[in-house]
Amino acid sequence: MSVLVAMHSGAALARDADTSRGQSVLPYAEPRFRGSVGTTFKDSDPAAFPKAVQAPDGAPNILLVLLDDVGFGQFSVTGGGVPSLNLERLAKEGLLYNRFHTTALCSPTRAALLTGRNHQASGTGIITELATGYDGYTGIIPKRTATVAEVLRQNGYATAWLGKNHNTPIYETSAMGPFDHWPNGLGFDYFYGFMGGDINQIKPYLFENQTPVGTPQDPNYFLSTDLADKSIQWLKMTEAVEPGKPWFLYLAPAATHAPHQAPKELIAKYKGKFDMGWDEYRRQTFERQKRLGVIPPDAVLTPRPASLPAWDSASAEQKELYSRMMEVFAAYGDHVDQQVGRVLDYVATLPDASNTMILYIIGDNGASAEGGFDGTLNENAIFNLYQMTWQQMLPLIDEIGTEKHFNHFPAAWAWAMNTPFQWTKQVASHLGGVRNPMIVKWPARIKDQHAIRSQFTHVIDIAPTLLAAAGIDEPRSVNGTSQEPIQGRSFLDTMTDAGAGEMRTSQYFEMFANRGIYKDGWWAASMSFEPWQAERGAFDPFKARWELYNLDKDFSQGKDLAQDDPSKLDELTALWWAEARVNNALPLDWRGPERFSGELTGKPNLAGDRKTFVYAGNFTGLPEAAAPDLKNKSFSVSAKVDIQDDNNGMIFTQGGNTGGWGFYMKDGKLVVAHNFIDVKEYVVRSDQTVPAGKHDLKMTFTYEGGKEMGKSGIVDLSVDGKPAGSGKIEQTTPFKYSLSENQDVGSDTGSPVVSDYSGAFPFQGKLEAVVVELLN
């Protein structure tokens, strides 16, 4: 069937000579009536309504699942210690790709996945929060690199995106948009999920399309369950309303990205299961991987990095804490496997299940080492150059995995999750950062089951593979913009032919100046910084050491051949620089947390240069990137209120339990609170209760740090212009309060800033106006 249905009487629309594989210029021209029109309907040809574009005959449904921060040796499907019964079942019914690659970080992998172009070529060389103004690092997917969803949608597909976005510039994620970089503007008819890089799994702030739906209040809520429910709901609607229309569902759970949170009963299931520690875990996983055949018999187990501690060097108390963190992580992974499994089960019941292509990518990069050596109760602490110690965390061990913390396990567990490879997330130079398993099932086309595919593939190859499966050619122009050629290559042939030749013979890698290049079986690697090294200082990429590996003979990058074959290394390093220039990977930037700072990087902010911000009444859900920047400066918050005796409630908050401010009333008193990255809570209360009536309430924070960041300050409270109390905040959050919390007026949509209150904590009086002023 033609993608474009002809109108009445066989009259053809103006179009390309052959549109059987899609039109090269999108969108299609609006159809017009081509029959004869007389003076009345009686002497006119019969009317015919325009018909919608239809997908090519036989175009499959597509379910694309992408997990987050998962290592190659994490789940049991590839020999890991985290059970994944549904992944195992899917692998038995399909193909497991054991040489599939990502970019080493969240947003970049997702941009490459959607566009079929390299991450810097699609404007996303780093996560959106760390964007700079260079073409490869704007955090904006350019219109010249249209997404595969947009091409499928304009060729007759229904499209939906459920879960993590992280591909919209952070300063465009407020209710004001603009919305052309939101999922609905990137080719998806429907979106349900969250906008940032991570989210509280129990108290997330969610959107449906472009509308905030806020934070669920169900005490038993978990995000992975909700996303599975919404996915099934969307599929039911699609199949009921238009069963003949193929669909593309992109399901991107937040798991297993921090915070590591899971149901208590599931956490209890893993008690004691990881007491063997990370060294023994790696050894056991490596042996299981060989037995399963997911790595070759001659693969070697790479050694632990010298900077990471041996498990046996930890004290009994440390081991207790570290084991608990891993137990929570395992429960988290088990939970997401169960929930995605529910979606797989539903898809299997559909009438066209056999013509449904399932691609399940087990991670957008390797497991994350961003918890540091001891792990952390707050991933955001690392982003503010602070490493928690095990002594600080041990007293709170029973709270790990709950909504109270944004916890993350120790870096050595991340290294163990990436068995048998070197390094972790962020380290694009080595396979621990970029090699993720992928499972593909398509009963109508793939007859081979429970089989391994070892052709070298990359995330940019997904988009052209989906277009090839749908029978749609790559367009030259989309929505009036000429397209950069898709850089990925379809691996469709490998699905039906185990012996299909290599379709990808070269690929570059870069993240935080960690550099890698693959060419014809060889891999050159140059590492810049270890991922747990937050303060990075000086670095010279021209003096950095390069390593060389023959991946055809060395599956796990176990033997460095740089000294044995310097000419090959020179060849590959020269190729890396050439690829970097072509793909907008330059200039190299190895900076860490300081790139979160809008002031240091010049990122746009809807707040602009304003010093005064007026909010009339309740106003919730404003992202930190679109709110006044309160960090490292003096500011005031004032409110006109009408209250009764002993009123409670939030007046103004920015951030949450990962860092931020709260200005509220409790038991009739005025309160200011600052959370220093879940390490210390500072609370200043008024000396007296505020009597019933109309009042002007104000807090003023006077920053004492000058041009230094994260220093102390004094809080002064006033009621109707009269002093009402004061106190000192010894340390403030320097770079980032959160990746997912908001600024709220009149209630708190996220996690509480401090433990002094709970829930949404709505203001009980009348809130007429709140004014925020930046004082320097």
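Which residue in β14 stands opposite Ser477? Let's work through this and some further exercises on a predicted model.

**Exercise 1. Place Ser477 and its partner in their sheet.**

Solution. Start with the strands: β13 covers residues 477-478 and is joined to β14 by two bridges. These two strands run antiparallel. Across from Ser477 you find Ser482, which belongs to β14. Now step back to the whole sheet, an open one of three strands in the order β1-β13-β14, with mixed pairing. Its edge strands are β1 (25-26) and β14 (481-482), and each of them pairs on one side only.

**Exercise 2. Describe the sheet that holds β21 and β30, and find the bridge partner of Lys640.**

Solution. First, write down the order: six strands form an open sheet, β19-β30-β21-β26-β27-β28, and the pairing is antiparallel. Next, look at the ends. Strands β19 (612-615) and β28 (722-729) each have a single partner strand, so one side of each is left without a neighbour in the sheet. From one strand to the next, the twist averages 15°. Finally, zoom in: eight bridges join β21 (residues 635-643) to β30 (residues 766-774). Lys640 has Ala769 in β30 as its bridge partner.

**Exercise 3. Classify two pairs of aromatic rings: Trp182 with Phe207, and Trp423 with Trp532.**

Solution. A pair of aromatic rings is described by the distance of the centres and the angle of the planes. Rings pair if their centres lie within 6.5 Å, and planes over 60 degrees apart count as edge-to-face. The model has 40 aromatic pairs by this rule. For Trp182 and Phe207, the centres are 5.3 Å apart and the planes stand at 90°, so this pair is edge-to-face. The pair links distant parts of the chain, since Trp182 is in the loop between β4 (158-164) and β5 (190-194), while Phe207 is in strand β6 (residues 206-208), 25 residues apart. Both Trp182 and Phe207 are buried.

For Trp423 and Trp532, the centres are 5.8 Å apart and the planes are at 35°, so the pair is tilted. Here 109 residues separate the partners in sequence. Trp423 lies between α10 (411-417) and α11 (431-434), and Trp532 lies between β17 (522-526) and β18 (547-550), both in loops. Again, both Trp423 and Trp532 are buried.

**Exercise 4. Is Ser174 buried or exposed, and what does Ser174 touch?**

Solution. Find Ser174 in the loop between β4 and β5. Buried means under 20% relative accessible area. Ser174 has 1% relative accessibility, so Ser174 counts as buried. Beyond its neighbours within four places in sequence, Ser174 has contacts that include Phe179, Trp182, Leu606 and Leu622.

**Exercise 5. Trace the surroundings of Asp461.**

Solution. Begin with the location, the loop between β12 (457-458) and α12 (462-470). With a relative accessible area of 0%, Asp461 is buried. Then list its contacts, leaving out neighbours within four places in sequence: among them are Gly488, Arg489, Phe491 and Arg504. Two of these contacts can be described further. The side chain of Asp461 reaches the backbone nitrogen of Arg489 at 2.7 Å. That side chain also makes a polar contact with the side chain of Arg504, at 2.8 Å.

Definitions and conventions
Residues numbered from 1 in each chain as written. Predicted model: local features only at pLDDT ≥ 70, side-chain atom pairs only at ≥ 80, totals over all residues. Heavy atoms only, no water. Phe/Tyr/Trp six-rings, centres within 6.5 Å; stacked < 30°, edge-to-face > 60°. Helix = DSSP H or I, 4+ residues; strand = E, 2+ residues; numbered from the N terminus. Buried < 20%, exposed > 50% of the residue type's maximum accessible area, 1.4 Å probe, protein only. Contact = heavy atoms within 4.5 Å. Pairing = 2+ DSSP bridges. Axes fitted to C-alpha atoms, helices over the stretch in contact; angles between N-to-C directions. Polar contact = N/O pair within 3.5 Å; in protein donor to acceptor, adjacent residues only side chain to side chain.
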